[in-house]
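I set out to record the aromatic contacts and the surface charge in this entry. My notes follow in the order in which I looked things up.

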Amino acid sequence: MDKKRDLLDMDFEELLEALTALGFPAFRAKQVYQWLYSGQLDFGSMTNLPKDMRAKLAEEFAAGRLKIADKLISKVDGTRKYLFELEDGNIIESVLMKYRYGYSACLSTQVGCRMGCTFCASASLGLVRNLTVGELLAQVLNIIHDIGERVSHLVLMGIGEPFDNYDNVMTFLRRVSREDTLNISYRKMTVSTCGIVPKILEFAKEGIPVNLSVSLHAPDDEIRKRTMPVARRWSFNELLYACNEYTRLTSRRITYEYSLIENVNDSVEFAEILAKKLKGTLCHVNLIPVNTVEGIDFNKSSRNRTDAFKKMLEKYGIAVTVRRELGSDIMAACGQLRRNTLTRSGKV
Ligand code: SAH
(Lines give C-alpha, C1' and ligand atoms only; values in the text may rest on other atoms or scores of the structure.)
Protein backbone atom coordinates (compact mmCIF):
# COMPACT_ATOMS: atom_id res chain seq x y z
CA MET A 1 0.00 0.00 0.00
CA ASP A 2 1.33 3.40 -0.94
CA LYS A 3 0.88 5.07 2.41
CA LYS A 4 0.51 8.81 2.54
CA ARG A 5 2.87 10.54 4.93
CA ASP A 6 1.21 11.59 8.17
CA LEU A 7 1.74 15.27 8.95
CA LEU A 8 1.40 14.41 12.64
CA ASP A 9 4.54 12.31 12.43
CA MET A 10 6.47 15.46 11.53
CA ASP A 11 7.73 18.23 13.75
CA PHE A 12 7.26 21.79 12.49
CA GLU A 13 10.53 21.89 10.54
CA GLU A 14 9.73 18.64 8.75
CA LEU A 15 6.21 19.81 7.95
CA LEU A 16 7.58 23.07 6.63
CA GLU A 17 9.99 21.21 4.41
CA ALA A 18 7.28 18.87 3.12
CA LEU A 19 4.98 21.77 2.25
CA THR A 20 7.60 24.04 0.73
CA ALA A 21 8.75 21.10 -1.40
CA LEU A 22 5.26 21.20 -2.92
CA GLY A 23 5.65 24.91 -3.61
CA PHE A 24 3.60 26.30 -0.70
CA PRO A 25 4.93 29.37 1.13
CA ALA A 26 6.12 29.09 4.72
CA PHE A 27 3.16 30.94 6.22
CA ARG A 28 0.85 28.24 4.84
CA ALA A 29 2.80 25.59 6.74
CA LYS A 30 2.26 27.57 9.89
CA GLN A 31 -1.47 27.75 9.25
CA VAL A 32 -1.69 24.00 8.66
CA TYR A 33 0.29 23.36 11.84
CA GLN A 34 -2.08 25.59 13.83
CA TRP A 35 -5.11 23.78 12.47
CA LEU A 36 -3.72 20.38 13.33
CA TYR A 37 -2.95 21.26 16.94
CA SER A 38 -6.32 22.94 17.39
CA GLY A 39 -7.75 19.47 16.71
CA GLN A 40 -8.82 20.05 13.10
CA LEU A 41 -7.50 17.06 11.16
CA ASP A 42 -9.75 17.43 8.14
CA PHE A 43 -7.93 19.33 5.39
CA GLY A 44 -11.25 20.27 3.79
CA SER A 45 -12.23 22.25 6.89
CA MET A 46 -9.04 24.34 7.07
CA THR A 47 -11.00 27.35 5.93
CA ASN A 48 -8.21 29.90 5.62
CA LEU A 49 -6.39 27.81 3.02
CA PRO A 50 -7.15 28.08 -0.70
CA LYS A 51 -9.43 25.30 -1.94
CA ASP A 52 -6.87 23.84 -4.32
CA MET A 53 -4.31 23.69 -1.53
CA ARG A 54 -6.74 21.77 0.69
CA ALA A 55 -7.29 19.29 -2.12
CA LYS A 56 -3.55 18.93 -2.72
CA LEU A 57 -2.90 18.31 0.98
CA ALA A 58 -5.56 15.61 1.10
CA GLU A 59 -4.04 14.00 -1.95
CA GLU A 60 -0.49 14.01 -0.59
CA PHE A 61 -0.82 13.60 3.17
CA ALA A 62 -2.70 12.04 6.05
CA ALA A 63 -3.41 13.94 9.25
CA GLY A 64 -3.73 11.32 11.96
CA ARG A 65 -4.25 7.80 10.77
CA LEU A 66 -7.32 7.01 12.84
CA LYS A 67 -10.97 7.82 13.21
CA ILE A 68 -13.51 7.60 15.99
CA ALA A 69 -15.24 4.22 15.57
CA ASP A 70 -17.34 4.41 18.70
CA LYS A 71 -17.86 6.69 21.66
CA LEU A 72 -19.49 5.97 25.00
CA ILE A 73 -20.36 8.64 27.55
CA SER A 74 -20.85 7.64 31.18
CA LYS A 75 -24.18 8.66 32.68
CA VAL A 76 -22.60 8.45 36.11
CA ASP A 77 -19.70 10.88 35.77
CA GLY A 78 -19.40 12.04 32.15
CA THR A 79 -16.28 9.98 31.47
CA ARG A 80 -15.91 9.38 27.75
CA LYS A 81 -14.52 6.31 26.17
CA TYR A 82 -13.34 6.46 22.57
CA LEU A 83 -12.77 3.47 20.38
CA PHE A 84 -10.48 4.46 17.52
CA GLU A 85 -10.04 2.59 14.29
CA LEU A 86 -6.57 2.87 12.79
CA GLU A 87 -5.92 2.99 9.06
CA ASP A 88 -4.88 -0.68 9.03
CA GLY A 89 -8.14 -1.74 10.70
CA ASN A 90 -6.68 -2.20 14.18
CA ILE A 91 -8.50 -0.66 17.10
CA ILE A 92 -7.33 1.08 20.25
CA GLU A 93 -9.12 2.99 22.97
CA SER A 94 -8.68 6.22 24.89
CA VAL A 95 -10.56 7.61 27.86
CA LEU A 96 -11.34 11.20 28.76
CA MET A 97 -11.98 12.02 32.41
CA LYS A 98 -13.26 15.29 33.74
CA TYR A 99 -11.79 16.57 36.98
CA ARG A 100 -12.15 19.84 38.85
CA TYR A 101 -8.84 20.97 37.39
CA GLY A 102 -9.70 20.09 33.78
CA TYR A 103 -9.79 17.24 31.32
CA SER A 104 -7.38 14.34 31.52
CA ALA A 105 -6.94 12.00 28.56
CA CYS A 106 -5.75 8.44 29.04
CA LEU A 107 -4.05 7.27 25.85
CA SER A 108 -2.98 3.94 24.39
CA THR A 109 0.64 3.53 23.34
CA GLN A 110 0.51 0.23 21.44
CA VAL A 111 -1.96 -1.93 19.59
CA GLY A 112 -2.17 -4.62 22.25
CA CYS A 113 0.66 -5.40 24.64
CA ARG A 114 3.24 -8.13 25.11
CA MET A 115 3.80 -7.79 28.84
CA GLY A 116 1.26 -10.47 29.73
CA CYS A 117 0.03 -9.30 33.17
CA THR A 118 -2.52 -11.92 34.18
CA PHE A 119 -5.21 -9.50 35.42
CA CYS A 120 -5.11 -7.24 32.35
CA ALA A 121 -7.77 -7.24 29.63
CA SER A 122 -5.18 -6.56 26.93
CA ALA A 123 -2.64 -9.20 27.83
CA SER A 124 -4.12 -12.31 26.27
CA LEU A 125 -4.62 -10.47 23.01
CA GLY A 126 -0.87 -9.96 22.56
CA LEU A 127 1.05 -7.18 20.85
CA VAL A 128 0.17 -6.26 17.29
CA ARG A 129 2.44 -3.25 16.86
CA ASN A 130 3.62 0.04 18.28
CA LEU A 131 1.65 3.21 17.70
CA THR A 132 3.34 5.90 15.63
CA VAL A 133 3.90 9.41 16.95
CA GLY A 134 1.07 10.50 14.65
CA GLU A 135 -1.30 7.93 16.13
CA LEU A 136 -0.40 8.94 19.68
CA LEU A 137 -1.15 12.54 18.78
CA ALA A 138 -4.27 11.77 16.78
CA GLN A 139 -5.93 10.28 19.86
CA VAL A 140 -5.71 13.50 21.85
CA LEU A 141 -6.39 15.76 18.84
CA ASN A 142 -9.56 13.85 17.96
CA ILE A 143 -10.68 14.16 21.56
CA ILE A 144 -10.01 17.92 21.61
CA HIS A 145 -11.97 18.29 18.40
CA ASP A 146 -14.81 16.22 19.76
CA ILE A 147 -15.23 18.16 23.02
CA GLY A 148 -14.24 21.57 21.69
CA GLU A 149 -12.11 22.26 24.76
CA ARG A 150 -8.50 21.87 25.70
CA VAL A 151 -7.12 18.85 27.48
CA SER A 152 -4.89 19.81 30.40
CA HIS A 153 -3.54 16.45 31.55
CA LEU A 154 -2.29 13.34 29.75
CA VAL A 155 -1.76 9.89 31.19
CA LEU A 156 -0.15 7.11 29.16
CA MET A 157 -2.01 4.34 30.92
CA GLY A 158 -4.18 3.01 28.15
CA ILE A 159 -3.45 -0.13 26.17
CA GLY A 160 0.22 -1.00 25.79
CA GLU A 161 3.51 -0.56 27.58
CA PRO A 162 4.84 2.98 26.94
CA PHE A 163 8.45 1.96 27.59
CA ASP A 164 8.14 -0.80 24.97
CA ASN A 165 7.50 2.04 22.47
CA TYR A 166 10.02 4.34 24.10
CA ASP A 167 11.25 6.57 21.28
CA ASN A 168 7.83 7.40 19.86
CA VAL A 169 6.53 8.12 23.36
CA MET A 170 9.42 10.51 24.12
CA THR A 171 8.92 12.33 20.80
CA PHE A 172 5.21 12.58 21.56
CA LEU A 173 5.73 13.98 25.08
CA ARG A 174 8.19 16.59 23.83
CA ARG A 175 5.87 17.54 20.97
CA VAL A 176 2.73 18.14 23.03
CA SER A 177 4.62 20.17 25.61
CA ARG A 178 5.52 22.84 23.06
CA GLU A 179 3.80 26.20 23.28
CA ASP A 180 2.93 26.11 19.57
CA THR A 181 1.23 22.71 19.85
CA LEU A 182 -0.86 21.68 22.89
CA ASN A 183 1.17 23.55 25.51
CA ILE A 184 0.64 20.83 28.12
CA SER A 185 3.21 21.13 30.86
CA TYR A 186 5.40 18.08 31.51
CA ARG A 187 4.22 18.09 35.11
CA LYS A 188 0.71 17.38 33.89
CA MET A 189 1.77 14.27 31.99
CA THR A 190 2.21 10.79 33.43
CA VAL A 191 3.85 7.72 31.97
CA SER A 192 3.07 4.34 33.50
CA THR A 193 5.35 1.32 33.16
CA CYS A 194 5.08 -2.27 34.32
CA GLY A 195 8.74 -2.04 35.30
CA ILE A 196 11.15 -2.11 32.36
CA VAL A 197 14.24 -1.37 34.41
CA PRO A 198 16.70 -0.05 31.78
CA LYS A 199 14.05 2.29 30.42
CA ILE A 200 13.30 3.69 33.87
CA LEU A 201 16.98 4.56 34.15
CA GLU A 202 16.99 6.07 30.66
CA PHE A 203 13.84 8.04 31.41
CA ALA A 204 15.47 9.48 34.52
CA LYS A 205 18.03 11.11 32.24
CA GLU A 206 15.63 12.55 29.64
CA GLY A 207 15.54 15.87 31.46
CA ILE A 208 11.76 16.20 31.17
CA PRO A 209 9.76 16.48 34.42
CA VAL A 210 7.02 14.04 33.38
CA ASN A 211 5.48 12.02 36.23
CA LEU A 212 6.38 8.36 36.45
CA SER A 213 4.02 5.64 37.65
CA VAL A 214 5.33 2.14 38.21
CA SER A 215 2.92 -0.78 38.32
CA LEU A 216 4.06 -2.79 41.29
CA HIS A 217 1.04 -4.85 42.33
CA ALA A 218 3.09 -6.96 44.75
CA PRO A 219 5.54 -6.58 47.63
CA ASP A 220 8.11 -9.14 46.49
CA ASP A 221 9.31 -11.32 43.61
CA GLU A 222 7.26 -14.34 44.47
CA ILE A 223 3.90 -12.59 44.34
CA ARG A 224 4.91 -10.36 41.48
CA LYS A 225 6.02 -13.25 39.28
CA ARG A 226 2.61 -14.82 39.68
CA THR A 227 0.84 -11.95 37.98
CA MET A 228 3.48 -10.03 36.02
CA PRO A 229 5.82 -11.90 33.66
CA VAL A 230 8.09 -8.84 33.51
CA ALA A 231 9.12 -9.72 37.08
CA ARG A 232 10.96 -12.77 35.73
CA ARG A 233 13.20 -10.50 33.72
CA TRP A 234 14.00 -7.95 36.44
CA SER A 235 13.83 -8.69 40.13
CA PHE A 236 11.93 -6.61 42.64
CA ASN A 237 15.22 -5.31 44.03
CA GLU A 238 16.48 -4.29 40.60
CA LEU A 239 13.20 -2.50 39.98
CA LEU A 240 13.32 -0.71 43.31
CA TYR A 241 16.93 0.27 42.69
CA ALA A 242 15.98 1.81 39.31
CA CYS A 243 13.05 3.65 40.89
CA ASN A 244 15.24 5.04 43.64
CA GLU A 245 17.82 6.09 41.05
CA TYR A 246 15.01 7.87 39.22
CA THR A 247 13.97 9.81 42.33
CA ARG A 248 17.62 10.56 43.16
CA LEU A 249 18.37 11.92 39.68
CA THR A 250 15.12 13.84 39.20
CA SER A 251 14.07 14.65 42.78
CA ARG A 252 10.63 13.58 41.61
CA ARG A 253 8.28 11.37 43.52
CA ILE A 254 7.27 8.05 41.98
CA THR A 255 3.73 6.75 42.09
CA TYR A 256 3.49 3.02 42.68
CA GLU A 257 0.32 1.52 41.30
CA TYR A 258 -0.99 -1.40 43.30
CA SER A 259 -4.12 -3.15 42.01
CA LEU A 260 -5.69 -5.10 44.84
CA ILE A 261 -6.72 -8.62 43.86
CA GLU A 262 -8.62 -10.54 46.48
CA ASN A 263 -6.51 -13.17 48.25
CA VAL A 264 -3.68 -12.75 45.77
CA ASN A 265 -1.82 -9.60 46.84
CA ASP A 266 -4.12 -7.80 49.28
CA SER A 267 -3.28 -9.10 52.77
CA VAL A 268 -2.06 -6.76 55.53
CA GLU A 269 1.08 -8.91 55.75
CA PHE A 270 1.89 -7.98 52.19
CA ALA A 271 1.12 -4.37 52.97
CA GLU A 272 3.68 -4.49 55.75
CA ILE A 273 6.37 -6.10 53.57
CA LEU A 274 5.74 -3.40 50.98
CA ALA A 275 5.76 -0.62 53.57
CA LYS A 276 9.15 -1.70 54.90
CA LYS A 277 10.62 -1.67 51.40
CA LEU A 278 9.22 1.72 50.46
CA LYS A 279 9.73 3.46 53.77
CA GLY A 280 11.95 6.49 53.41
CA THR A 281 11.77 6.59 49.59
CA LEU A 282 10.21 9.43 47.65
CA CYS A 283 6.94 7.81 46.68
CA HIS A 284 3.20 7.67 46.74
CA VAL A 285 1.15 4.49 46.55
CA ASN A 286 -2.05 4.40 44.55
CA LEU A 287 -4.30 1.49 45.48
CA ILE A 288 -6.70 0.35 42.78
CA PRO A 289 -9.41 -2.17 43.54
CA VAL A 290 -8.73 -4.40 40.54
CA ASN A 291 -11.24 -4.33 37.69
CA THR A 292 -12.62 -7.73 36.92
CA VAL A 293 -12.22 -8.91 33.34
CA GLU A 294 -14.65 -11.22 31.64
CA GLY A 295 -13.14 -14.63 31.19
CA ILE A 296 -10.37 -14.14 33.75
CA ASP A 297 -10.85 -15.56 37.20
CA PHE A 298 -10.06 -13.09 39.99
CA ASN A 299 -11.95 -10.71 42.26
CA LYS A 300 -11.76 -7.17 43.46
CA SER A 301 -10.64 -6.73 47.08
CA SER A 302 -13.37 -5.80 49.50
CA ARG A 303 -13.64 -2.34 51.00
CA ASN A 304 -12.45 -3.75 54.34
CA ARG A 305 -9.35 -5.38 52.95
CA THR A 306 -8.56 -2.27 50.92
CA ASP A 307 -8.85 -0.08 54.02
CA ALA A 308 -6.71 -2.42 56.11
CA PHE A 309 -4.03 -2.44 53.41
CA LYS A 310 -4.10 1.33 53.26
CA LYS A 311 -3.87 1.70 57.03
CA MET A 312 -0.81 -0.50 57.22
CA LEU A 313 1.02 1.63 54.66
CA GLU A 314 0.00 4.75 56.54
CA LYS A 315 1.35 3.28 59.75
CA TYR A 316 4.77 3.35 58.11
CA GLY A 317 4.29 6.93 56.99
CA ILE A 318 3.76 6.15 53.33
CA ALA A 319 1.52 8.46 51.31
CA VAL A 320 -1.33 6.37 49.96
CA THR A 321 -4.61 6.95 48.14
CA VAL A 322 -7.34 4.69 46.83
CA ARG A 323 -8.20 5.43 43.22
CA ARG A 324 -11.70 6.58 42.52
CA GLU A 325 -13.50 4.57 39.87
CA LEU A 326 -14.75 6.51 36.85
CA GLY A 327 -16.82 5.39 33.92
CA SER A 328 -17.84 2.08 35.49
CA ASP A 329 -20.96 1.91 33.32
CA ILE A 330 -19.11 2.21 30.01
CA MET A 331 -16.27 -0.30 30.43
CA ALA A 332 -13.86 2.58 30.76
CA ALA A 333 -11.34 0.51 32.64
CA CYS A 334 -8.21 -0.97 31.24
CA GLY A 335 -8.80 -2.17 27.70
CA GLN A 336 -12.20 -3.65 28.39
CA LEU A 337 -13.94 -2.07 25.45
CA ARG A 338 -11.38 -3.18 22.89
CA ARG A 339 -11.37 -6.67 24.36
CA ASN A 340 -15.15 -6.89 24.18
CA THR A 341 -15.25 -5.53 20.65
CA LEU A 342 -12.65 -8.00 19.42
CA THR A 343 -14.36 -10.86 21.20
CA ARG A 344 -17.77 -9.95 19.79
CA SER A 345 -16.49 -9.68 16.26
CA GLY A 346 -14.85 -13.09 16.59
CA LYS A 347 -11.33 -11.70 16.10
CA VAL A 348 -10.07 -13.53 19.18
N1 SAH B 1 1.76 -1.02 30.65
C2 SAH B 1 1.73 0.08 31.55
C3 SAH B 1 0.58 1.04 31.33
C4 SAH B 1 -0.77 0.52 30.94
S5 SAH B 1 -1.77 -0.28 32.14
C6 SAH B 1 1.76 -0.40 32.99
O7 SAH B 1 1.75 -1.60 33.20
O8 SAH B 1 1.88 0.42 33.89
C9 SAH B 1 -2.21 0.97 33.31
C10 SAH B 1 -2.39 0.43 34.71
O11 SAH B 1 -3.58 -0.38 34.80
C12 SAH B 1 -1.26 -0.45 35.19
O13 SAH B 1 -0.95 -0.14 36.52
C14 SAH B 1 -1.86 -1.83 35.08
O15 SAH B 1 -1.20 -2.77 35.88
C16 SAH B 1 -3.27 -1.56 35.51
N17 SAH B 1 -4.25 -2.60 35.19
C18 SAH B 1 -4.29 -3.45 34.15
N19 SAH B 1 -5.35 -4.25 34.22
C20 SAH B 1 -6.02 -3.91 35.34
C21 SAH B 1 -7.20 -4.37 35.96
N22 SAH B 1 -7.92 -5.36 35.46
N23 SAH B 1 -7.59 -3.76 37.12
C24 SAH B 1 -6.86 -2.75 37.64
N25 SAH B 1 -5.74 -2.28 37.11
C26 SAH B 1 -5.31 -2.85 35.97
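I began with Phe 163, which is buried, with a relative accessible area of 2%. I note at the outset that the model is predicted.

I then turned to Phe 203, which is buried as well, its relative accessible area being 2%. Phe 163 and Phe 203 form an aromatic pair that I recorded as tilted, with 5.3 Å centre to centre and 55° between the planes. I next located the two residues: Phe 163 lies in the loop between β9 (153–156) and α5 (166–177), and Phe 203 lies in helix α6 (residues 197–204). The pair thus links distant parts of the chain, 40 residues apart.

Which residues form one aromatic cluster with Phe 163? I found Tyr 166, Phe 203 and Tyr 246.

I looked up the total of aromatic pairs and noted 8 in the structure. One of them is formed by Tyr 82 and Phe 84, and I entered this pair as stacked, at 5.8 Å centre to centre and 5° between the planes. Tyr 82 counts as buried because its relative accessibility is 0%. Phe 84 also counts as buried, at 0% relative accessibility.

I closed with the surface charge. Asp 9, Glu 13, Glu 14 and Glu 17 gather there in a patch of negative charge. I placed Asp 9 in the loop between β1 (5–6) and α1 (12–21). Is Asp 9 buried or exposed? I entered Asp 9 as partly exposed, because its relative accessibility is 31%.

Definitions and conventions
Residues numbered from 1 in each chain as written. Predicted model: local features only at pLDDT ≥ 70, side-chain atom pairs only at ≥ 80, totals over all residues. Heavy atoms only, no water. Patch = residues over 30% accessible without salt bridge, like charges linked within 9 Å, V, L, I, M, F, W, Y side chains within 5 Å. Areas by Shrake-Rupley, 256 points an atom, 1.4 Å probe, with all protein chains shown as cover. Salt bridge = Lys/Arg side-chain N within 4 Å of Asp/Glu carboxyl O. Lys, Arg positive; Asp, Glu negative; His and termini not counted. Charge placed at Lys NZ, Arg CZ, Asp CG, Glu CD. Helix = DSSP H or I, 4+ residues; strand = E, 2+ residues; numbered from the N terminus. Buried < 20%, exposed > 50% of the residue type's maximum accessible area, 1.4 Å probe, protein only. Phe/Tyr/Trp six-rings, centres within 6.5 Å; stacked < 30°, edge-to-face > 60°.
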